[in-house]
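Reader: I am new to this structure and would like to see how each label is earned. Please take me through a few of them with care.

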Amino acid sequence: MGTKLKVLVAIISFSTVFYSCKDKEQSKNNKGFVVNGTVKGLDNSYAKITDYQFFNSNPYTVIDSVAVVNGKFELIGEVAFPDMVTLEIGDYKTNFFLENSTIKISVDVSNVKSPRDQVKLDVVGSLSHSKYKALEEQTSAVFSDKKYDVFKEVREMFAKAKEEGNEELLNEALKKQEGLQDLAEERNARYKNIKFDFVKANPSNTISPYVLGVQYTEGRMTREQLKEFYAIFKGNARKTTFFKTFITKIYKDNFENLGVGNTAPDFTLNTNTGEELTLSNVKGKYILVDFWASWCAPCRASFPHLKELRKQYKDKGFTIVGVGTADEKEKWEKAIEEDQTPWNHVYDTSENHSYGPIAKSYGVPHLPTTLLVDSNRKIVLRNPTKEELDSKLKELLGH
């Protein structure tokens, strides 16, 4: 490299460093954020803050990234409004609310066995984070109420019955569980109302979408509630990563893309017997597309009733296509054999036990997810209750 070129490269490099430092100094002067962090268990690595990554399938933006040196790091910048972000420390990830203030963070990964495990995190200086943490503690406290200790006793009964193969104890646990239905509904109502009341009272607060969290899903909220709470959020709350990537997706899947009246995507997948199945080629007036997994207890608990419905309506044009997803193929095949489910089963290939491409195209929020479609794949029901499915099949196909 010539002398002049070396000088030019040096000037450019110096200018880049100078302006980078200047930008960060301006962030300090303009009252942006300064995150001073300490890490226990990882002396030298990197620290990076990005858009909130969890429940977010979109590419994320790096807000700032620096080296961790001797267990310390400093991140500097400016944000338009407080929002939950993801903090990466080497291979470990955790979350906190970033806002324009001086924030001190302590991260402890010394006892974390896997990057997928929870990381211990202490945050001081973020008012949004403190408020969010207080709300989380308030909702968690509902389940710690001693009046609900009886649910722990029932869980222990089920575990013991399964371990011992004790059918008498199992029946006793089931009977006790049935008698606790009202108490379970009371507990769930207390938990949900803390979230609902906060969101209604703070529709513009950027922690509100995260307070509502995955409560905003089918099965946990009625369709009326999904509509109501989507419309409640205002201002910067609608600009948060969670609102844009999760809440908006759930809303659009239910009411715009994959709701009742929309056309379900066609797909071709391999069956458990090694053949190809294309949904549009399945014969039947009405098809129940059932997304499930071998590890999903509610999925498999629904099969005996689905067997009854199939037996009752199969000669009238009702059929079922089970789509195994977020599962290991061997375990999925074993579950089909164990449960003796006589309908079509296809496998939605997935990596790391996550939802496969077909589940993603259907906007599957949880398992089980079921859709009743007609012969043109028009969606008649989306995630119906047992009673709703029974009633609709009776209406469409008679007794």
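Author: We can start where L372 stands opposite L381 in β15. This is a predicted model, in which local features need pLDDT of at least 70 and side-chain atom pairs count only at pLDDT 80 or more, while totals for chains, interfaces and linings use all residues. Residues are numbered from 1 along each chain as its sequence is written, and side-chain values use heavy atoms, with hydrogens and water left out.

Reader: What makes β14 and β15 a pair of strands?

Author: Two strands pair if DSSP finds at least two bridges between them, and three bridges join β14 (residues 369–374) to β15 (residues 379–382), so the requirement is met; the two run antiparallel. They form a hairpin with four residues between them, and in the turn R377 has a positive phi of about 65°. Strands here are DSSP runs of E with at least two residues, helices are runs of H or I with at least four, and both are numbered from the N terminus.

Reader: Why is the pair of F242 and F246 called stacked?

Author: Rings of Phe, Tyr and Trp (its six-membered ring) pair if their centres lie within 6.5 Å, and planes under 30 degrees apart count as stacked, over 60 as edge-to-face and the rest as tilted. F242 and F246 lie 4.8 Å centre to centre with 20° between the planes, so the pair is stacked. Being four residues apart in helix α8 (residues 241–257), they are separated by about one helical turn.

Reader: Why, then, is the pair of Y52 and F54 called tilted?

Author: For Y52 and F54 the centres are 6.0 Å apart and the planes differ by 40°, which falls in neither the stacked nor the edge-to-face range, and therefore the pair is tilted.

Reader: How do you know whether Y52 and F54 are buried or exposed?

Author: Buried means under 20% relative accessible area, exposed over 50%, and partly exposed in between (1.4 Å probe, protein chains only). Y52, at 8% relative accessibility, therefore counts as buried, whereas F54, at 35%, counts as partly exposed.

Reader: What makes R238 a charge over the ring of Y230?

Author: A charge sits over a ring if NZ of Lys or CZ of Arg is within 6 Å of the ring centre and within 35 degrees of the ring normal. The charged end of R238 sits over the ring of Y230, 5.0 Å from its centre, so the distance condition is satisfied.
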